[in-house]
Amino acid sequence: MGLENLQHNFLTGTLEGMVKWARASSSWAANFGLACCAIEMMAAGAANFDLARFGMEVFRASPRQADVMIVAGRVSQKMAPVLRQVYDQMMEPKWVISMGVCASTGGMFNNYAIVQGVDQIVPVDVYAPGCPPGPETLIHSILTLHQKIRLGEITRRTADGTGAGIHLDAATLRRPARVSLSAPAAS
């Protein structure tokens with residue numbers, strides 16, 4: 001029996017379920033394209049793949065208007081404080097997709113200049129594998145994130161609200177040439 005057999009024009013549900021549905025259906029991405037994966041991210045938003053059908057037709061240039069960060073490409077040590085600052089400026093709740101092997105693990109760049117996984121900077125919710133992952137892989141990652149949002153499986157906050165438990169100190173943000181990642185003080 002489908003919805004067409006209902007005699008009234010209303011649906012019922014919990015407020016929490018409706019909020020989760022709205023969040024999943026209208027997630028806006030902050031584009032953080034750093035390398036070749038960014039080209040594939042742009043292709044996912046073009047006419048052939050059309051992210052508009054998932055409520056993500058516009059990549060937001062302002063982090064204050066975005067709730068999903070797609071980190072596409074390798075993250076250098078100099079870019080790490082900028083990435084964290086953009087993440088901190090995003091509205092809550094916020095989610096992160098790590099796109100490509102370089103963003104996820106450093107890829108073939110196993111050296112001091114590249115962060116060996118963006119999860120050292122921000123908490124990552126979904127990983128998109130590949131070098132570079134195609135638009136289909138990014139769309140699959142977005143759909144996986146939407147499903148996690150709808151099911152409420154995303155609980156990554158620690159008790160003190162620090163996210164991944166890794167933070168950049170204020171002195172580091174003033175001097176972007178040197179990045180020091182430090183674990184939170186033990187209490």
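This short presentation covers the sheet, one serine and the cysteines of the structure above. Please bear in mind throughout that the model is predicted.

I begin with the sheet. It is an open sheet of 5 strands, arranged in the order 2-1-3-4-5, and the pairing is parallel. Its edges are formed by strand 2 (59-60) and strand 5 (126-128), each of which pairs on one side only. Further in, strand 1, residues 29-33, runs parallel to strand 3, residues 68-72, and 5 bridges link the two. One residue pair illustrates this: Gly-33 has Ala-72 in strand 3 as its bridge partner.

I turn next to strand 4, residues 95-99, which contains Ser-98. Is Ser-98 buried or exposed? Ser-98 has a relative accessible area of 0%, so it counts as buried. Its side chain makes a polar contact of 3.0 Å with the side chain of Ser-104. Beyond its neighbours within four places in sequence, Ser-98 also touches several other residues, including Val-71, Val-118, Val-124 and Tyr-127.

Finally, the cysteines. How many disulfides does a search of the whole structure find? The search returns 0. For Cys-36, the closest cysteine sulfur belongs to Cys-37 and lies 4.9 Å away, which is too far for a bond. Cys-36 itself is partly exposed, at a relative accessible area of 43%. For Cys-102, the closest cysteine sulfur is that of Cys-131; because the separation is 5.4 Å, that pair is also too far apart for a bond. Cys-102 is buried, its relative accessible area being 9%.

Thank you for your attention.

Conventions. Residues are numbered from 1 along each chain as its sequence is written. This is a predicted model: local features need pLDDT of at least 70, side-chain atom pairs count only at pLDDT 80 or more; totals for chains, interfaces and linings use all residues. Side-chain values use heavy atoms; hydrogens and water are left out. Helices (H or I, at least four residues) and strands (E, at least two) are DSSP runs, numbered from the N terminus. Buried means under 20% relative accessible area, exposed over 50%, partly exposed in between (1.4 Å probe, protein chains only). A polar contact is a pair of N or O atoms within 3.5 Å; within protein, one must be able to donate a hydrogen and the other to accept it, and residues adjacent in sequence count only if both atoms are side-chain atoms. Contact means heavy atoms within 4.5 Å. Two strands pair if DSSP finds at least two bridges between them. A disulfide is a pair of cysteine sulfur atoms within 2.5 Å.
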